[in-house]
Amino acid sequence: MPRFSIPLLALSLFPSVHSRTNKNVIMSDKGFELIREYQRSTDPIPAFNDDGVRAVLEDITKIYQENYAHALSFNETGDRKFLPLVMYRHRLIQRQKRCLLAYLLNRLFRLKRLRWHVGAILPPEIKSCINDTEATWFNNYSKILAEYMASIHDGYGLNLTNDIKPPKSLYIEVRCLTDYGKFELENGEIILLKKNSQHYLPKLQCEQLIRQGILQHII
């Protein structure tokens, strides 16, 4: 993502505001730092950075207030000496907003992928990383997706989250990673899933448990 920089000519024209301009440059990095921290995370979805988002919003407010004061001065006196700085600050505000929106939107993209790979119920370790607004969005998206899948095939329904990758065989060998308990197959057969036990099961019926980390596909 490109960084904005103040032209040296503009700084030389306004030595009296040089220090305040440098302050704004430092403030403008907070939006970029928010995105960089998000991109570096290896978690399925990193914890929502309340402090980082709040810092970006505070920067936007401060820059806007400084611009507003200079805009009032221009309207009263017609002095254009601060006009380049006002335009630069406006660019900073736009950049901060883009960074913040990119952060929020990419979190929703990850939540969307989690719905397809994990299911409608998020694991506790993931649920603890999202805020209430994101949880509401995830539940609404899950509801819309479930309603659409139920309407496919003349109302018989089709689970589109199964077999995201084309299967090579209908049955696969799996190992249970935890004491899950009884698991009933579509034919009525009940399988006892105990930790470290291995089973040969229909891929379609155990794929959800694989995504949840309960079963491991033995390749």
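Buried means under 20% relative accessible area, exposed means over 50%, and partly exposed is in between (1.4 Å probe, protein chains only). Keep that handy for the exercises. This is a predicted model, where local features need pLDDT of at least 70, side-chain atom pairs count only at pLDDT 80 or more, and totals for chains, interfaces and linings use all residues. Residues are numbered from 1 along each chain as its sequence is written, and side-chain values use heavy atoms, with hydrogens and water left out.

**Exercise 1. Sort Cys99, Cys129, Asp51 and Ile60 into buried or exposed.**

Step 1: start with the cysteines. Cys99 has a relative accessible area of 0%, so it is buried. Cys129 comes in at 17%, so it is buried too.

Step 2: turn to helix H3, where you'll find Asp51 and Ile60. (Helices are DSSP runs of H or I with at least four residues, strands are runs of E with at least two, and both are numbered from the N terminus.) Asp51 counts as exposed because its relative accessibility is 58%. Ile60, at 15%, counts as buried.

Step 3: check for disulfides, meaning pairs of cysteine sulfur atoms within 2.5 Å. A search of the whole structure turns up zero.

**Exercise 2. Find out what Ile60 touches.**

Step 1: use contact in the sense of heavy atoms within 4.5 Å.

Step 2: skip the neighbours within four places in sequence. That leaves Ile93, Gln96 and Lys97 as contacts of Ile60.

Step 3: look at a C-alpha distance as well. Ile60 and Gln94 sit 34 residues apart in sequence, with 8.9 Å between their C-alpha atoms.

**Exercise 3. Describe the largest nonpolar core.**

Step 1: get the term straight. A nonpolar core is a set of buried Ala, Val, Leu, Ile, Met, Phe, Trp, Tyr and Cys residues joined through side-chain atoms within 4.5 Å.

Step 2: pick out the residues. The largest core has 14 of them, and Leu34, Val53, Val56, Leu100 and Tyr103 have the most contacts inside it.

Step 3: trace where they come from. Helices H2 (18-40), H3 (50-77) and H4 (83-117) each give two or more residues, and H4 supplies the largest share, six.

Step 4: zoom in on Val53. Beyond its neighbours within four places in sequence, Val53 is in contact with Leu34, Phe48, Leu100 and Tyr103.

Step 5: spot the other core. Apart from the largest one lies a core of 12 residues, including Val174, Phe183, Leu185 and Ile191.

**Exercise 4. Work out how S2 and S3 fit together.**

Step 1: recall that two strands pair if DSSP finds at least two bridges between them. S2 (residues 181-184) and S3 (residues 190-193) have four bridges, in the antiparallel sense.

Step 2: choose a bridge. Phe183 has Ile191 in S3 as its partner.

Step 3: follow the turn. S2 and S3 form a hairpin with five residues between them, and Gly188 in the turn has a positive phi of about 95°.

**Exercise 5. Decide which parts of the model to read with care.**

Step 1: take the average. pLDDT, the predictor's confidence in each residue from 0 to 100, averages 82 over the protein chain, and 86% of the residues score at least 70.

Step 2: compare the elements. Helix H1 (residues 8-13) has the lowest mean pLDDT, 30, and helix H6 (residues 132-151) the highest, 94. Over residues 1-27 the pLDDT is below 50.

Step 3: apply the rule. Where pLDDT is low, the predicted coordinates should not be read in detail.
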